Amino acid sequence: MKFLRLLKRSIREAFKSVFRNFSLSLASISCITITLIIVAASIIITFNLQNFTSEMEKDLTIVVFLDNNINEEEIDTLMTELRDMSNVESLTYQSKASIKEEMRKESEVFDEVMSTWSDEDNPLKDTFQIKVKDVEKISDTAESIEKMEEVSSVKYGEGMVDNLLLAFESIQKISYGVVIALVLVTVFLIINTIKLTIFSRKREISIMRLVGASNFMIKTPFIVEGMVLGMFGSIIPILIICFGYVALYDHTNGYLYSQMITLIEPEPFIYMISGIILVIGIIVGMVGSASAVRKYLKI
Amino acid sequence: MKVMVMIKPMDLIRVRNVNKQYKNGVTAIYDLSLNIKKGSFVFVIGGSGSGKSTFIKMLYREEKPTSGEIIVGGINVAKLRNAKVYKLRRKLGIVFQDYRLLPKQTVYENVAFAMEVLGSPKQETRRKVLKALELVGLKGKIHNYPDQLSGGEQQRVAIARAIVNEPKILLCDEPTGNLDPERSIEIVKVLDEINKTCGTTIIMATHDKDIVNTMQKEIILLKDGRLIKHAEKGGYEE
Ligand SMILES: Nc1ncnc2c1ncn2[C@@H]1O[C@H](COP(=O)(O)OP(=O)(O)O)[C@@H](O)[C@H]1O
Ligand SMILES: [Mg+2]
């Protein structure tokens, strides 16, 4: 009970002093706001990328290129062999002739070049396209297929995914850098806000000490003030997340770049991100106020 | 029949061989030993610079003795860690020459502050604050701000704040230092009243001879940091 009363008092005092030093509080709050908007954007992008890459992994296919001198019978045995593999979901066969036709249809250049190829000197290879059950094991499966006779080589799309992830990683590194710099500026501003509060309350603090308030009781209002600043700072970012993301999702129907990238559905995604942003804001505020208390409240 | 043997600690404050040297090399207290009984009203007297404030400050652990032992209400003050000082302070009320009120808060709020910061419930706070203000004779001015009060009245607010948590000991360092003789004697009468009705032990540092002579209380006379005289009852003569 006593603890709750002290907590209530701390919260009341914290709100009072946020409004008493309003211009400085506003500077801290704005800085937290900007930081959190960028943090939110990074988180949203990261989550969507992760979602996107895992979606893409589901579409991964193993392409098995067969030896040139393979005959129909051998193809049939190989097909049953592949079908019996535990990780193989489904497979389709495409002969080199049909691949040639397909490619010729796709581009005029190909058409011109390939028109002269006879079946004998067609350098393309007969292929199987295999969908796997478990993408995680795709490299093992590909490896064992490659060891089979009559198989010339095997390819699967790991390179593309890796390249994409690499590109995303560098984007992420840059945003980490920006966020860290912004957090530092924010913490610095909060320290100064709380410092001013501490100085303006020197007399109150000294009286609290005289009448026997413990360090905990003296510190708490200032710590809470930092948390309140962080909380206020997260309001606008949360509004942007909730309305902005839903608007983006509705506007694009959940796809970016003509169905290449699917967006994560807004609910419950935006609530999770809002929660994360609120917690980050409060923690940043608390770190700032705690270091101000340690520095300026000689206890 | 049960016989209960109670060892009653009569001495609320015990000071043993205390020396105090400030960082700048000034020695303010030399080898001080004395006891103060529960319920007494003691004047700590002596000229300016005799060490009265230093003595009081050591009692509430604003200053630490350089050597020696100080026990206040069972707490070994010299050995008390900074983080535990609040436990000592809760047994004490402290009044200064300059009142130290919060200017933007009313009389009531100033006194209630001392209870609120300790987490006291609202009802109890209200009851005790009004009681304390009644005791110092300020019940009619609870909604005034400090700058609307005379010096004597402001000091009464400070006294009410010091006693509102019902401390065992009330320490006063020159509480009448800024007041004219008439107001001064009124303040001391208030302290005497608190001593009699609440049983609070009162230790008051002063260099005001008239007050000490009029009241005829226990005296501790210091001179240049040394105890010259400790008497149950007496006036101010050197
Ligand atoms: N914080 C301090 N630092 C150094 N010397 C001090 C300090 N406080 C008091 N003194 C010195 O200690 C001596 C006693 O001072 P004080 O206890 O204030 O005496 P009183 O209250 O009787 O006037 C004086 O010589 C004073 O200059
Ligand atoms: Mg003095």
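In the predicted model, chain B exposes about 11700 Å² of accessible surface, of which carbon and sulfur atoms supply 48%. For chain A the exposed area is about 16900 Å², and there the carbon and sulfur atoms supply 62%. Buried residues make up 51% of the 238 residues in chain B, whereas in chain A they make up 41% of 299 residues.

The secondary structure of chain B consists of seven helices and 10 strands, while that of chain A consists of 11 helices and six strands. With regard to overall dimensions, the C-alpha trace of chain B spans about 55 × 45 × 40 Å along its principal axes, and its radius of gyration of 18 Å agrees with the value near 18 Å that would be expected for a compact globule of 238 residues. Chain A departs from this rule, since a compact globule of 299 residues would have a radius of gyration near 19 Å, but the chain has 31 Å. The C-alpha atoms of chain A correspondingly fill a box of roughly 100 × 40 × 30 Å along the principal axes.

The contacts within each chain were examined by sequence separation. In chain A, 84% of the contacts with a separation of 6 or more are accounted for by residues 24 or more positions apart; in chain B, 66% of the contacts between residues at least 6 apart in sequence join residues at least 24 apart.

The charged side chains were considered next. Chain A carries 29 positive and 37 negative side chains, and the centres of these two sets are separated by 33 Å. In chain B, which has 40 positive and 27 negative side chains, the corresponding centres lie 9 Å apart.

Among the individual elements, helix α3 of chain B (residues 107-116) is largely enclosed by the rest of the structure, because eight of its 10 residues are buried. These buried residues are B:Val107, B:Tyr108, B:Asn110, B:Val111, B:Ala112, B:Phe113, B:Ala114 and B:Met115. They pack against α4 (122-135) and α5 (151-163) of chain B and, in chain A, against α1 and α8 (202-211). Helix α1 of chain A, one of these partners, comprises the 19 residues 2-20 and reaches 27 Å from its first C-alpha to its last, close to the 27 Å expected at 1.5 Å a residue. Its buried residues are A:Leu6, A:Arg9, A:Ser10, A:Glu13, A:Ala14, A:Ser17 and A:Val18. In general, an α-helix has 3.6 residues a turn, so residues three or four places apart point the same way.

Two single positions complete the description. A:Ile180 is located in helix α7 of chain A (residues 158-200) and is classed as exposed, because its relative accessible area of 54% is over the 50% cut-off. Although A:Ile180 and A:Val39 are 141 residues apart in sequence, their C-alpha atoms are 9.7 Å apart in space. B:Glu237, by contrast, lies in the segment after β10 (226-234) of chain B and counts as partly exposed, with a relative accessibility of 47%. Residues up to four places away in sequence being left aside, B:Glu237 touches B:Leu221 and B:Lys229, and the C-alpha distance between B:Glu237 and B:Asn24, which are 213 residues apart in sequence, is 31 Å.

Methods: Residues numbered from 1 in each chain as written. Chains lettered and ligands numbered in written order. Predicted model: local features only at pLDDT ≥ 70, side-chain atom pairs only at ≥ 80, totals over all residues. Heavy atoms only, no water. Helix = DSSP H or I, 4+ residues; strand = E, 2+ residues; numbered from the N terminus. Rg over C-alpha atoms; globule rule 2.2 N^0.38 Å. Buried < 20%, exposed > 50% of the residue type's maximum accessible area, 1.4 Å probe, protein only. Contact = heavy atoms within 4.5 Å. Areas by Shrake-Rupley, 256 points an atom, 1.4 Å probe, with all protein chains shown as cover. Lys, Arg positive; Asp, Glu negative; His and termini not counted. Charge placed at Lys NZ, Arg CZ, Asp CG, Glu CD. Expected span 1.5 Å × (residues − 1).
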